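Thanks for making the time this morning. I would like to walk you through one chain, and I will go slowly, since it will be new to most of you.

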Amino acid sequence: MKDEITSKNFKTKLDSELIKKSQRCAVRECDEVNSGDFESYVDELDKSYDVRLQLEKGTVIVSSCECKSHLSFCHHKIALLAFIAKGIKPVAKVVATKKIDPVKQALEQAEPEKIKAWILKTLKKNKDLSIAFMNEFSDKSENYTPEEIIALTHDTVKAVIGKRRKAEVFEVRKIIDLWTELHKPILEQYFAEPANEDFFQQIHALIDTVVEFKYRILTSSKRFETYFKQVLTQIEEVILNIRDDETSTKCLSYFSKEFFLDGHGGVRREYTNIFVHIFNSSSAQMRSKIIGIIAGVYHTRKDERVAESKELLELLLHMVVFNKNFPEYKDIFRPIRHAIAYNIRLIDALIELGELNTAETYCIEQVDQNTDSYYDLDYIARLKQIYIQTKDDKKLVGVLSRELLYKPNFDNYNLVLSSIEPDAQFKKWRNQVLANARQLAVFDKNAADFSLALRDSEGDFKGLLAYLDENADYDSIALYTKQLILYSAEAFMKKLITKIDNERDKRLNIDNPAKLEEILEKIYQMAALKYGVENLTLIVKAREKVYGTWANLFVKYVARKSSTS
């Protein structure tokens, strides 16, 4: 295919700059793990990357690199491909000989006791080899106690990097290789019988220790994370493949007992994530059983682990709402301070269930506790919904008066105005609503339109003229053009031709110029009715002559219109 990269064409297929960059990299420890499957470290300055290329008849079919390049084929891959290409030569015919391998010959001639002594001496000097030897030949690999698993997992890391916290990429690779062999029989034993609690305790010790090093070891390699995810994914698949819900529930109950870390370390999210992933892939019946397990843990530990139990409660609410079990568990839930997403989900579930009094109480409680009124908005929106449903107009007006401070809406303003006596307190509130709307008008069209509508409703045409600025769209200006011309045609025209264009109008001119011209034509017709076409054209052309390309969209529209007539 045209896009294929091979060991012969890569220099012509790939960018020349990338080729140059690849030549500054050093390839080392290149291993052909299988036929055509190469793994190597590629060094660039003081950094090293784990690179893999899989070739089939010289064509690259799989490639990966630890660098974060967005390119599909980075210069580290190119360096390895160039290295491989140099070594690819026609296969020569080899004439079989009876030459004996000298190592094999020495091994056959050596005395068994001397071999044992030499191996023992060598293993003592090379701790990583001793770990690998024990993994290969120990007959206890399936019967380790949790304490032994923790110790051996620790010893593996210590054998490779000693007491250091920082590990190079090749060292992490060596650790993972040793862990894979060490943990393999432990995992296989659990996978064969996941309902066995002793086997669970073994993998729990394994997971806990791997997590410890995942956060403890400083390295640029992602192999710790990859290995950890691989183990958890295998566990999830094993449990999901269990046909009997009772057995699945039993397996999950073991993990639920270990939700909480020792002391005040929080929640083991790797275990709650297992529950989430299995929940998302299960039947409604199995999801109900998972909910029951988490609810049981919460009930048992909520007084003992107050802070951590809140996190569990948030997870539980998500699940019961999703699986439509909320009516069954509704009495468990209470609002949590500073947990807006959870609180809103709880209140919405109560409203849907018709528990409006409880939902109202929770909303008011949270609003009263908030130190920043910005966080009141979501609760105010729910109170508004409740009062509309209950047809409580008095409370609705009170809520709308608070919402208008953050979310200007002229219809809601009129509803409040019709229910309140315009006294000094009202004027103070009205001024605050308008001031906030003017601040929001910069990026919120509704707020800009609210300001114009309020000034117009109060007959304040001077104030209305003042608001014909860069925040006002031309479609909004068209609504008030007629009355502003009657108020002061000269002041309106001066404001109209000197205003800075709104960003929304600029976008409309790009996305839908016909729509914008339709709006500008409405304003033009009303202005021409007052001034006449010739006078209006002279006024606009004088403006365009002074400002040229800086003239606004209305001025340019009138100029274009006059030039074509």
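Let me begin with a single contact in a sheet, where Tyr41 has Asp50 in strand E3 as its bridge partner. Before I go further, please keep in mind that this is a predicted model, and that what I describe is computed from it.

Tyr41 also takes part in a second pairing, because on another strand Arg28 stands opposite Tyr41, which itself belongs to E2. The two strands around the Tyr41 and Asp50 pair are E2, covering residues 37-44, and E3, covering residues 47-56, and they are joined in the antiparallel sense over eight bridges. E1 and E2 are likewise antiparallel, with six bridges joining them, and these two strands make a hairpin that has two residues between them. In that turn sits Gly36, whose phi is positive, at about 80 degrees.

Going on to the next pair, E3 and E4 also run antiparallel and are joined by six bridges, and here Val51 stands opposite Cys65 in E4. This hairpin, too, has two residues between the strands, and Lys57 takes a positive phi near 55 degrees in it.

If we now put the pairs together, we get an open sheet of four strands, in the order E1-E2-E3-E4, with antiparallel pairing. Which strands stand at the edges of this sheet? They are E1, residues 26-34, and E4, residues 59-65, and each has a single partner strand, so one side of each is left without a neighbour in the sheet. On average, and ignoring direction, neighbouring strands of the sheet are turned by 20 degrees against each other.

One residue of the edge strand deserves a brief remark, namely Glu29, which lies in strand E1. Its phi is near 50 degrees, a positive value in a residue other than glycine, and at 47% relative accessibility Glu29 counts as partly exposed.

As for annotation, UniProt, in an unreviewed entry, places a feature called "domain: SWIM-type" at residues 49-85. Over those residues the chain is 30% helix and 41% strand, and the C-alpha atoms at the two ends are 19 Å apart.

Let me come back to Asp50, this time for its side chain. Asp50 forms a salt bridge with Arg223, and the closest N and O atoms are 2.1 Å apart. This pair links distant parts of the chain, since Asp50 is in strand E3 while Arg223 is in helix H10, residues 223-240, and the two are 173 residues apart. Is Asp50 buried or exposed? At 7% relative accessibility it counts as buried, because the cut-off for buried is under 20%.

The count of salt bridges comes to 32, and I will mention a few others. Lys20 and Glu17 form one, with the closest N and O atoms 3.9 Å apart, and both residues lie in helix H2, residues 16-22, three residues apart, about one turn of the helix. Lys20 is partly exposed, with a relative accessible area of 46%, and Glu17 is partly exposed as well, at 47%. Arg164 and Glu171 also meet through their side chains in a salt bridge, at 2.6 Å from N to O; here Arg164 is partly exposed at 41% relative accessibility, whereas Glu171 is buried, with a relative accessible area of 9%. Further along the chain there is a network of salt bridges that links Lys445, Asp449, Asp473, Asp475 and Arg504.

I will close with three places in the helical regions. Lys391 lies in the loop between helix H18, residues 377-390, and helix H19, residues 393-403. Although Lys391 is not a glycine, it has a positive phi of about 55 degrees, and it is exposed, with a relative accessible area of 70%.

Trp429 is in helix H21, residues 424-440, and it counts as buried at 14% relative accessibility. The C-alpha atoms of Trp429 and Leu404 are separated by 9.7 Å, with the two residues 25 residues apart along the chain.

Lastly, Val546, Tyr547 and Trp550 form a nonpolar patch on the surface, with about 420 Å² of accessible area together. Val546 has its place in helix H27, residues 533-547, and it counts as exposed, at 63% relative accessibility.

How values were computed
Residues numbered from 1 in each chain as written. Heavy atoms only, no water. UniProt positions renumbered as here; feature names shortened; annotations may be inferred. Patch = residues over 30% accessible without salt bridge, like charges linked within 9 Å, V, L, I, M, F, W, Y side chains within 5 Å. Areas by Shrake-Rupley, 256 points an atom, 1.4 Å probe, with all protein chains shown as cover. Salt bridge = Lys/Arg side-chain N within 4 Å of Asp/Glu carboxyl O. Buried < 20%, exposed > 50% of the residue type's maximum accessible area, 1.4 Å probe, protein only. Pairing = 2+ DSSP bridges. Axes fitted to C-alpha atoms, helices over the stretch in contact; angles between N-to-C directions.
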